[in-house]
Structures are given as structure tokens and as C-alpha cells.
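Reader: Please show me how to read a sheet and a ligand site, taking one feature at a time.
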Amino acid sequence: MKVLVTGGAGFIGSTIASACADAGMEPVILDDLSTGLRAFATRFPFYEGDYGDRSLVATVLADHPDLAAVVHCAASIVVPESMADPLRYYENNVAKLPGFVTAILQQSSCRRILFSSTASMYEPDARLVVDEQSPLRPQSPYAASKWMVERILADTAAATDLSVISLRYFNPVGADPKLRSGLQVQNPSHALGKLLQARREGSPFTVTGTDWPTRDGSGLRDYIHVWDLARAHVAALQRFDDVVGGGDGQGFEVVNLGSGTGTTVFELVDAFAEATGWTPVVQTAPPRPGDVVGCCASADKAARVLGWRAELGLVQGIRDALAWSEVLQDVPR
Ligand SMILES: NC(=O)c1ccc[n+]([C@@H]2O[C@H](COP(=O)([O-])OP(=O)(O)OC[C@H]3O[C@@H](n4cnc5c(N)ncnc54)[C@H](O)[C@@H]3O)[C@@H](O)[C@H]2O)c1
């Protein structure tokens, strides 16, 4: 089975490509390297450029008439950046999509899109647990851009023979356990990245936001190991037609990908200490623009329709992230 992975030079897309290859599939990568690494992409057939570039997409589709599915990971993904520059986010994540899907419909026989979506579009209730029916209220241009893409894909699936599965990820951590790829950013803006940076620099770790309605006031996240995430994509690709055919979403199905376990930022600090043997000095500060209280997943639908559950825990995710951060320095840029 041949699969086009847009954004396949990035953290998650590169891990999905490895998991697909391990499962006997043939990944093809399309990535503009705006944040991704060439070294991640060139392990597979690689097209460098923008998924919004119609002539490049036409070339990819002509070269690979046997594509079974497109895994669409390419996007701009940093929430505070999206608050500061929303137009760039709507342009890159939303405006380019209709042309891309039109090309797939008109220039290939591929009719399956697996979309990288986000749980940050949910409005959690007081329990802070969400399932696929929970209300949506995206609170940043980034989350809104993902919501808009879902809408475009759902409308297109209803009107055409396109089938779409939108996987709403919670908070990916870790790296490919075989260390073929991982987070390519040296200083990521999320909490685990900041903890790794604090450990490297011997600096304090700042918990941003301590007045959220959680058990200890810090934000709640549902950490999911990126390898578990990648395995879920393999399962979705293998069961694609059953998942979409068995649903009632007119060719469009949403599935949450989380561990089902919530972890607060203070609990993350404890897990970090357990995984690394190093305990940071902790400071507190107000939330950053676009920060949300967070939530954790009900992962029951993923278990039911994909036969998938998260297997690797948070401590393992932290250990793999740490191992990867040591490898990253030697990855060519
Ligand atoms: N990392 C997370 O916490 C998280 C959570 C939920 C959902 N997601 C989604 O998962 C997907 C992958 O995220 P990631 O963490 O791997 O980010 P990433 O930045 O590592 O990967 C994104 C990749 O897309 C490429 N890209 C961006 N714009 C492009 C364009 N116009 N044309 C071609 N390539 C382009 C980048 O070069 C990069 O390789 C994104 O769609 C993101 O929204 C990520």
C-alpha cells in the first residue's frame, strides 16, 4: 500500500512514515522543509515543496498513480505564533487545502485522506474529559484552522466519493523508539520541551498558568507517545474503508487519539524526575496567549473502530524524548 505523507519531514509525519514502512507500506513524502528536516524525508521517495503548489502536486500524483491514501500532516503548528500571525496560519493550514483536495480528486484515483487534527479544538466540560461528540470551541487561530479544515473535508466527503478520517491528537511526546526521527526543534515551546531545556541548561522550569480548574491548578494534558500515534495511523490506513463505511458521517469520521489519562503540568514534572532522575526548580507564571486548561481523551472509539489503544506510557515518552534530544545534535540540517 502506497501512502503520500504531507509534512513527512516533521516530527509526527516522519514517525508515521517509519511506522508505515515497518508495516510493509510504501511512504512517499511531500514537505516544504519549513520546519521539517531533509534527513527525515530522504529515507523515502521525497518531493520538496508546498502542498499548495499545484504543479508539484500534479507531478507527485502523476508519478504515483497507485496511491492508496494521503496522510495530511503538513501544517503550521505553534499556538502562540498563530495568535501573533493568524493570517499566516489560515493561509498555510486552510487556504491551500481546497486546491490540494481538488488535485487529488481530479488527478488521481486515491479517495482516502487521513487528516492530522487536534484535540485543542474541544471545549472541555467540568470533568475535562472529551469524546468525539464533545462541543467544539477552538480558542486559537491554530485550533480554528484545524476545525475549518475538518469542515472543508467533511463537506467534500459528503458531496463526492472522498473518504476522510480525522484523527484528533492529544499531546504527542517521545520519539521513534528506534531513534530514526523525533522532535526536530531544539527548544520546543511545550512543557516537556521546556523541561528538557531546563535540564540541559540547569535553569528553572516555569509552569505557565496555575489557576486552571484542575486538581492542582496547572493545565491538564493527555500525553500520547508519538509511536503509539503512528501505530494508530497504520491501523486507520489498514481499516480505512471499514471505519468510514461503518460510521454514519457521510464519508467523514473523527477519532480521538489519546491515552485516556490526564496529567497536570506539576504531575509532568514528577514524571520527568522519575524518568530522568533530575528534579527541576519550579517557578510559576501567568498563562501564555492561547493557552487552554486542556483535557484528556476518551479513547474508547479508537479502541472500538481501530482496535488501538496507547501502550507506551508518559515516563517512556520522556525517556525516548531525552534519548532523541541527544541524537538530534548529530542530525544534518
Ligand atoms: N505536535 C503536536 O502537539 C500536535 C498536536 C495535534 C496535532 N498536530 C498536527 O500534527 C501534524 C504534524 O505536526 P508536527 O508536530 O509533526 O509538526 P512539524 O512542524 O514537525 O511538522 C509539520 C511538517 O509540515 C511541513 N509543512 C508545513 N507547511 C507545509 C506546506 N505548506 N507544504 C508542505 N509541507 C509543509 C513542515 O516542514 C514540517 O515538516 C500537524 O498537522 C499538526 O497540526 C500536532
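Author: Start with the strand order. In this predicted model, an open sheet of 7 strands has parallel pairing and runs in the order 3-2-1-4-5-7-12.

Reader: Which strands stand at the edges of the sheet?

Author: Look for strands with a single partner. Strand 3 (46–48) and strand 12 (252–257) each pair with one strand, so one side of each has no neighbour in the sheet. For the twist, compare neighbouring strands: on average they are turned by 20 degrees against each other, direction ignored.

Reader: Over how many bridges do strand 5 and strand 7 pair?

Author: Bridges are what to count here. Strand 5 and strand 7 (residues 163–169) are paired over 7 bridges, in the parallel sense. To fix the register, take one position: Arg112 is opposite Ser163 of strand 7.

Reader: Which strands does helix 7 touch?

Author: List the contacts, then take the angle. Helix 7 packs on the sheet and touches strand 5, strand 7 and strand 12. The direction of helix 7 makes about 155 degrees with that of strand 5. Elsewhere, helix 3 (residues 54–63) lies across strand 1 (2–6), strand 2 (26–31), strand 3 and strand 4 (67–72). Helix 3 runs at about 170 degrees to strand 3.

Reader: Now the ligand. Which residues come nearest?

Author: Begin with the shell, then pick out its nearest members. There are 29 residues around the ligand, and Asp31, Cys73, Tyr142, Lys146 and Gln184 come nearest. By class, the shell divides into 13 nonpolar, 11 polar and 5 charged residues.

Reader: Where do oxygen atoms of the ligand meet polar atoms of the protein?

Author: Separate side-chain from backbone partners. An N or O atom in the side chain of Asp31 is 2.6 Å from a ligand oxygen. For the side chain of Lys146, the distance from an N or O atom to a ligand oxygen is 2.7 Å. With Ile12 the partner is a polar backbone atom, 2.8 Å from an oxygen of the ligand.

Reader: How much of the ligand does the protein bury?

Author: Compare the ligand alone with the ligand in place. Alone, the ligand exposes 820 Å², and the protein buries 93% of that.

Reader: Which elements give two or more residues to the shell?

Author: Map the shell back onto the fold. Helix 1 (11–22), strand 5 (112–118) and helix 7 (141–159) are the elements that do so. Strand 5 gives the most, with 3 residues.

How values were computed. Residues numbered from 1 in each chain as written. Predicted model: local features only at pLDDT ≥ 70, side-chain atom pairs only at ≥ 80, totals over all residues. Heavy atoms only, no water. Near = heavy atom within 4 Å. Polar contact = N/O pair within 3.5 Å; in protein donor to acceptor, adjacent residues only side chain to side chain. Areas by Shrake-Rupley, 256 points an atom, 1.4 Å probe, with all protein chains shown as cover. Helix = DSSP H or I, 4+ residues; strand = E, 2+ residues; numbered from the N terminus. Nonpolar A, V, L, I, M, F, W, Y, C, P; charged D, E, K, R; others polar. Pairing = 2+ DSSP bridges. Axes fitted to C-alpha atoms, helices over the stretch in contact; angles between N-to-C directions. Contact = heavy atoms within 4.5 Å.
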